[in-house]
Amino acid sequence: MSYVSIDRPVDGVAVLTLDRPERMNAMSFDVMVPVRDQLVALGHDNSVRAIVITGAGRAFCAGADQESAGRPPHTEGLARPGYALRSLDLLEDVIGTIRRLHQPVIAAVNGAAIGGGLCLALACEIRIASPAAYFRAAGINNGLTASELGLSYLLPRAVGSSHAADLMFTGRDLMAEEAARIGLVSRLADPVLEEAIAIGARIAELSQPGIELTKKSLHAGTAAGSMESYMPVEGIGQLYLRLLTDNFEEATRARKEGRPARFRDDLPR
Ligand SMILES: C/C=C/C(=O)SCCNC(=O)CCNC(=O)[C@H](O)C(C)(C)COP(=O)(O)OP(=O)(O)OC[C@H]1O[C@@H](n2cnc3c(N)ncnc32)[C@H](O)[C@@H]1OP(=O)(O)O
């Protein structure tokens, strides 16, 4: 039984669906090990230029699996704190994998995104939501800390420290419209998956190294100590593509000729 499916609805775009709707796509080992492995495999597939993550059924992802009976696989001989840590390691690995992929990842949030599900959405570079979606920093409701899987790093950067604190201290539900208003998601769309695939298709048309370097600099720039120290790094990326591809000249020609640019990323000078 596989709880993850991969589709290729259009050239260059892969859709990974968490597919355990009866458990609201909660993050059990048997869901998240294949999620991690499939993401790594998509990362090595050069025909995939953008990845969409969504959930089957009513939820995007209900966070940590609260119903798994017994011991997760590969944890024989470990006491409970030991296998709880292994479970966290796996989820952190998924979040880190998304950030390390060279392709942009788009969260198509179709319903509840709770606890780790919120973190999964936040790890994606682009988040869009269905009007039915809602979000909850649920760790605090479960007697734990709301800080998990990068939330205290990612959420304030997405919505600002005041909104992040409001959500993390109260564990309240953030409905789709408010999520769009405070910038947690960039668009609301119905059907959300169709819109996410269209965004992926647009990305797939563009220069691949340009997109890859943009992803790297988006993350490095967010973490940089100062704009002045970071601008030269951005500049090196620009120069690298300017010197190694013909894309800038092609974009200029295309603009003058009133046609879409045809980027070729395989032109060594
Ligand atoms: C490191 C990471 C930490 C974390 O992620 S902490 C956060 C852990 N997650 C949660 O606290 C969420 C708990 N779940 C809920 O609050 C609600 O559920 C939802 C908001 C997700 C959905 O509510 P509704 O639409 O009313 O559906 P329903 O009847 O509660 O759930 C449908 C079925 O899904 C199962 N389910 C829901 N969440 C989880 C989960 N996290 N782990 C395992 N199963 C879950 C339920 O039990 C139920 O199943 P059945 O129909 O057999 O009663």
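Q: How many cavities of 30 Å³ or more does the structure hold?
A: Keep in mind that this is a predicted model. Rolling a probe the size of a water molecule over the atoms shows where empty space is left. For cavities of 30 Å³ or more, the count in this structure is one.

Q: Where does the largest cavity lie with respect to domain 1 (4–204) and domain 2 (208–257)?
A: Let's look at the lining, which includes Arg-49, His-102 and Ile-203 as well as Gln-208 and Ile-211. Domain 1 (4–204) and domain 2 (208–257) both give residues to this lining, so the cavity lies between them.

Q: Which helix gives the most to the lining of the largest cavity?
A: The cavity has a volume of about 50 Å³. Its lining divides into four nonpolar, three polar and two charged residues. With three residues, the top contributor among the helices and other elements is helix α8 (residues 208–223).

Q: Which residue has a side-chain N or O atom 2.5 Å from an oxygen atom of the ligand?
A: Now for the ligand, where polar contacts are pairs of N or O atoms within 3.5 Å. Ala-64 uses a backbone N or O atom, 2.8 Å from a ligand oxygen, and Glu-67 has a polar side-chain atom at 3.4 Å from one. The side chain with an N or O atom at 2.5 Å belongs to Arg-58.

Q: How many residues of the shell around the ligand are charged?
A: In total, 21 residues surround the ligand, with Arg-58, Ala-62, Ala-64, Gln-66 and Gly-116 the closest. Nine of the shell residues are nonpolar and five are polar, while the number of charged ones is seven.

Methods
Residues numbered from 1 in each chain as written. Predicted model: local features only at pLDDT ≥ 70, side-chain atom pairs only at ≥ 80, totals over all residues. Heavy atoms only, no water. Near = heavy atom within 4 Å. Polar contact = N/O pair within 3.5 Å; in protein donor to acceptor, adjacent residues only side chain to side chain. Nonpolar A, V, L, I, M, F, W, Y, C, P; charged D, E, K, R; others polar. 1 Å grid on protein atoms, 1.4 Å probe; cavity = no way out; pocket = protein on both sides within 12 Å on 5 of 7 lines; lining within 4 Å. Points joined across faces, edges and corners; volume = space filled by probe spheres on them. Helix = DSSP H or I, 4+ residues; strand = E, 2+ residues; numbered from the N terminus. Domains from an automatic or database assignment.
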